[in-house]
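Reader: I'm new to this one. Could you pick a single part and take me through it closely?

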Amino acid sequence: MTDAAYSSPMGKVDSPFSRLMSGTTGPVIVVVAVIVAVWYIAAALLNAPAQRDAFQRAGQTDVTLAEFVVATYAQERPVLPAPHQVAAEIWATTAEKAITSKRSLIYHSGITLSSTLLGFVLGTALGIGLAILVVHSRVLDKSLMPWVISSQTIPILAIAPMIIVVLNAINVTGLWPKALISTYLSFFPVTVGMVKGLRSPEIIQLDLMKTYSASGFQTLLMLRLPSAMPYLFASMKVAVAASLVGAIVGELPTGAVAGLGARLLSGSYYGQTVQIWSALIVAAVLAASLVTIVSIAERVVLRRMGMAR
Amino acid sequence: MLNEQGPQKARSVIDIRGLSLTFETNDGPVHALSNVDLDIREGEFVSFIGPSGCGKTTLLRVIADLEKPTGGEITVNGVTPEEARLARAYGYVFQSSALYPWRTIADNVALPLEIMGLSASERKERIARNLDLVNLGGFERKYPWQLSGGMQQRASIARALAVEPHLLLMDEPFGALDEIVRDHLNEQLLKLWAKTDKTVVFVTHSIPEAVFLSTKIVVLFPRPGRIYDVIESDLPRDRTLDIRETPEFLKIAHRVREGLRAGHSYEDS
């Protein structure tokens, strides 16, 4: 009886594959593989018309399907570059270039990162400040919040050049205009998250502070802010990604001097799709890294506060 | 000292005359309290008992200045409840422990002391003393979620005691606990009261708890909330749980139950 149970009549044997898929590593690998496969198929299909023309012009008519597909992955200006073309371009513009070079993606990432971080810090501070005001004043709640919300309904692409132009007129150039666009995008999630977070203490916890005749400032410091920490980190994750978008968008109207946005712009000027895609991938990796850093900070802070179990 | 003096000679701590409180709601006014008269003297252990909706918690919250009365007069320590609250005249224990989850047990007890601006050494001394008083010595560095419900409530009592108030207001502090834990905490609370000679106002819906703990039991009626009966208990101040089997105890419990039943029949009519 027990033997039969052990030998598992369902034939459920722990194969290496099922063990891999039961964790998180397996599914992650599968998803990446599917994305890469779809990308390759799409690249072949999208680049096919141009490749057909190219072969026709060259008078080559006896190409096999395999040769044709390989050729679609080796165009200089493909509609959609293949993953390995992008990977090679990223390698060439990071590892094989000096960081100070104008063609180094690390150099451009650094430029974008600095205004992202400055904008993120300013945006987070502004968001927390606004949330504190809104939570403590009904008047400000009614008068300020509609503006906070409507500020985000304006397309950033429309307002970014205005901010650059206005700030240029008062001689603010370089890092700051871009950082302010990041601020513009990142303060919003922090404001909304922190308003909710600062209001999250239970009535009983607020009553407790009242019985101690605690001042509003003491209640803020000892109750509202600690209660709001999980909300702050959740909104900071959104804000840091929005900051990066803001910095890249802010680089577009400056005339493509430096930064990932400038790489995107110059790539589109010259039809360098491989350059565009490598800048996009680097931007995505940068955003993912920033969100991960905020997540790690979240875990450390909440654990030290005794709130992560 | 107070035992020899008797309750009549002790100083009045809470004096309530013709107090009423009406909440304005969308469904019209709700008379939470109507024409309440009550005198609580120093060293007394007073219980408010009654069915839910009788205003016993509201009355306690008025004393604590967490609600404003709409009529009548009330003084706490001879001043208005607000002045008493600002002077930190009382410690308040809520229905749930309301411990801050990001603070350790010691830091939770330290919370009111930080607000009061006490020095670090004074805080340390009071934390140790009051945690010992509720038998929580050794749990200083634990977080609230690492403690049982009974221990959390004891920690919240230590936090209220750390303010060193002469008046302790307790709103069904053991309501959420099982009976064994509740009995144990009742006994501890009584010892604590005997040791410190504080005035305690205690809200409960348990008859045995009210009779076991109190020197005075106030029975309230609902809709509008008002006082039906005030029972002075002549049970000795140093009691043990065994007293609950004695005829004297059962007599008082019977009178409380009669009062509560009258409240219910009034409801039904």
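Author: Sure, let's start with B:Ile63, keeping in mind that this is a predicted model. If you skip its neighbours within four places in sequence, B:Ile63 is in contact with B:Ile14, B:Val76, B:Pro81, B:Leu169 and B:Val201. Now zoom out a little: B:Ile63 belongs to the largest nonpolar core, a set of 80 residues. Along with B:Ala158, B:Leu169 and B:Val256, B:Ile63 is among those that touch the most other members of that core. So what gives the most to this core? That would be helix α6 of chain B, residues 149–162, with 6 residues. Apart from this core lies another one, of 46 residues, and A:Leu105, A:Met194, A:Leu264 and A:Val294 are among them.

Since we've reached chain A, have a look at a pair of its helices. Helix α8 (residues 156–169) and helix α9 (residues 175–198) of chain A pack at an angle of about 140°, and their axes are 9 Å apart. An angle over 145 would count as roughly antiparallel, so α8(A) and α9(A) are oblique to each other. From α8(A), the contact includes A:Ile156, A:Ala160 and A:Leu167, while α9(A) brings residues including A:Trp176, A:Pro177 and A:Leu185. By class, the residues of this contact are 10 nonpolar, no polar and no charged.

Finally, here is where the two chains meet: 16 residues of chain A are in contact with 18 residues of chain B. On the chain A side, α10(A) supplies the largest share, 6 residues. That side has 8 nonpolar, 5 polar and 3 charged residues.

Notes: Residues numbered from 1 in each chain as written. Chains lettered and ligands numbered in written order. Predicted model: local features only at pLDDT ≥ 70, side-chain atom pairs only at ≥ 80, totals over all residues. Axes fitted to C-alpha atoms, helices over the stretch in contact; angles between N-to-C directions. Helix = DSSP H or I, 4+ residues; strand = E, 2+ residues; numbered from the N terminus. Parallel < 35°, antiparallel > 145°, perpendicular 65-115°, else oblique. Contact = placed C-beta atoms within 7 Å. Nonpolar A, V, L, I, M, F, W, Y, C, P; charged D, E, K, R; others polar. Core = buried A, V, L, I, M, F, W, Y, C linked by C-beta atoms within 7 Å. Buried ≥ 20, exposed ≤ 12 C-beta atoms within 10 Å, placed from the backbone.
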